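Colleague: Can you take me through this one? I'd like to go a topic at a time.

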Amino acid sequence: MKIIRAKDYNDMSRKAANIISAQVILKPDSVLGLATGSSPIGIYEQLIKWYNKGDVDFGGCTTFNLDEYRGLTPDHDQSYHYFMHKNFFDAVNIPAERINLPDGAQLDAERECKRYDAAIKAAGGIDLQLLGMGLNGHIGFNEPNDEFDKETHCVDLTEMTIEANKRFFNSIDEVPRQAYTMGIATIMRAKCVLMVVSGKDKAEILKKSFFGPITPQVPASILQLHPNFVLIADEDALSAL
């Protein structure tokens with residue numbers, strides 16, 4: 001595990017964008033695992049700036065997103081499909097046919113999860129997986145559990161996660177209760193895992209995840225075992241260490 005200290009959110013975002021752009025420059029046909037939420041927005045903004053300057057070209061890349069709400073269509077303004085196009089895909093040159101997200105509109109969970117795992121395998125696996133981390137240590141939508149879920153699966157979201165996501169909807173009643181998410185084994189098979197964490201509210205869970213026991217009750221703790229795991233965290237997130 002490699003820990004990179006950042007001064008603040010902007011510094012964290014730039015450092016992470018550096019690693020992703022280096023990955024793409026060194027391997028133009030990289031398979032990138034991407035994340036949503038507030039944590040990676042600054043990374044995408046930086047990558048777009050470098051793309052517009054001609055410093056990085058995404059034309060050979062393939063992407064797979066971590067997760068998607070079950071029950072939301074791609075055009076729903078709170079779907080992760082919509083989020084990714086708004087914050088990244090529409091501004092760079094990744095071919096549309098190489099952009100992959102779980103299909104939230106497909107309500108046959110078993111069918112959709114098998115399809116997504118097969119697509120990742122057919123692409124040769126993920127070269128670099130970008131992650132954030134929830135306040136309870138969840139990665140993707142892998143919530144605290146009695147065991148580590150392995151492959152892409154449908155998960156019931158915890159009340160903590162629903163509460164955290166309600167700010168994006170008109171009311172808490174509109175927040176989806178289920179999501180499709182890559183499993184822990186899928187994430188762990190990525191050749192490199194890059195996590196970004198910022199803010200004092202993440203300090204205790206960061207300490208518990210990476211300096212405590214490995215347990216499915218803290219899903220991110222499994223990353224202690226990844227052979228090429230990079231954590232970039234700002235001073236506030238590292239303040240409990």
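Colleague: How many salt bridges does the count come to?
Modeller: The count comes to nine salt bridges, where a salt bridge is a side-chain nitrogen of Lys or Arg within 4 Å of a carboxyl oxygen of Asp or Glu. Before we go on, this is a predicted model, in which local features need pLDDT of at least 70 and side-chain atom pairs count only at pLDDT 80 or more, while totals for chains, interfaces and linings use all residues. Residues are numbered from 1 along each chain as its sequence is written, and side-chain values use heavy atoms, with hydrogens and water left out.

Colleague: Which residues are linked in a network of salt bridges?
Modeller: Lys27, Asp29, Asp127 and Lys191 are linked that way. Within the network, Lys27 and Asp127 meet with N and O 3.0 Å apart. That pair ties together distant parts of the chain, 100 residues apart: Lys27 is in the loop between α1 (9-26) and β2 (31-34), and Asp127 is in the loop between α4 (109-122) and β6 (128-131). Helices (H or I, at least four residues) and strands (E, at least two) are DSSP runs, numbered from the N terminus. Lys27 also bridges to Asp29, with the closest N and O atoms 3.6 Å apart.

Colleague: Is Asp127 buried or exposed?
Modeller: Asp127 counts as buried, because its relative accessibility is 5%. Buried means under 20% relative accessible area, exposed means over 50%, and partly exposed is in between (1.4 Å probe, protein chains only). Its partner Lys27 is partly exposed at 32%, and so is Asp29 at 46%.

Colleague: What about Glu163, which side chain does it meet in a salt bridge?
Modeller: Glu163 meets Lys166, at 2.8 Å from N to O. Glu163 is partly exposed at 41%, and Lys166 is partly exposed at 35%.

Colleague: Changing topic. How many disulfides does the count come to?
Modeller: Zero, taking a disulfide as a pair of cysteine sulfur atoms within 2.5 Å.

Colleague: Why is there no bond for Cys61?
Modeller: The closest cysteine sulfur, in Cys192, is 14 Å from that of Cys61, so it is too far for a bond. Cys192 is likewise in no disulfide. Cys61 is buried at 0%, and Cys192 is buried at 9%.

Colleague: Now α7. Which of its residues are buried?
Modeller: In α7 (residues 203-211), the buried ones are Ala203, Ile205, Leu206, Ser209 and Phe210. They line one face of the helix, because seen down the axis they fall within an arc of 165°. The arc is that of the directions from the helix axis to the C-beta atoms. As background, an α-helix has 3.6 residues a turn, so residues three or four places apart point the same way.

Colleague: And what is exposed on the other side of α7?
Modeller: Glu204 and Phe211 are exposed there. As for the buried residues of α7, their cover includes β9 (192-197) and β10.

Colleague: Which residue of β10 can you tell me about?
Modeller: Ile232, in β10 (residues 229-234). Ile232 is buried, with a relative accessible area of 0%. Leaving out residues up to four places away in sequence, the residues that Ile232 touches include Ile4, Ala6, Met12, Lys15 and Leu194, a contact being heavy atoms within 4.5 Å. Lys15 is 217 residues from Ile232 along the chain, yet their C-alpha atoms are separated by 7.6 Å.

Colleague: Where is Tyr51?
Modeller: Tyr51 is in helix α2 (residues 41-53) and is partly exposed at 24%. Apart from neighbours within four places in sequence, Tyr51 is in contact with Val56, Phe58, Ala91, Val92 and Asn93.

Colleague: Last one. Which residues form a nonpolar patch on the surface?
Modeller: Met1, Ile3, Phe211 and Leu241, with about 390 Å² of accessible area together. Patches are made of residues with over 30% relative accessible area and no salt bridge, where like charges are joined within 9 Å and nonpolar side chains (Val, Leu, Ile, Met, Phe, Trp, Tyr) within 5 Å. The areas come from the Shrake-Rupley method with a 1.4 Å probe, and for residues only the protein chains shown count as cover. Ile3 is in strand β1 (residues 2-6) and is partly exposed at 35%.
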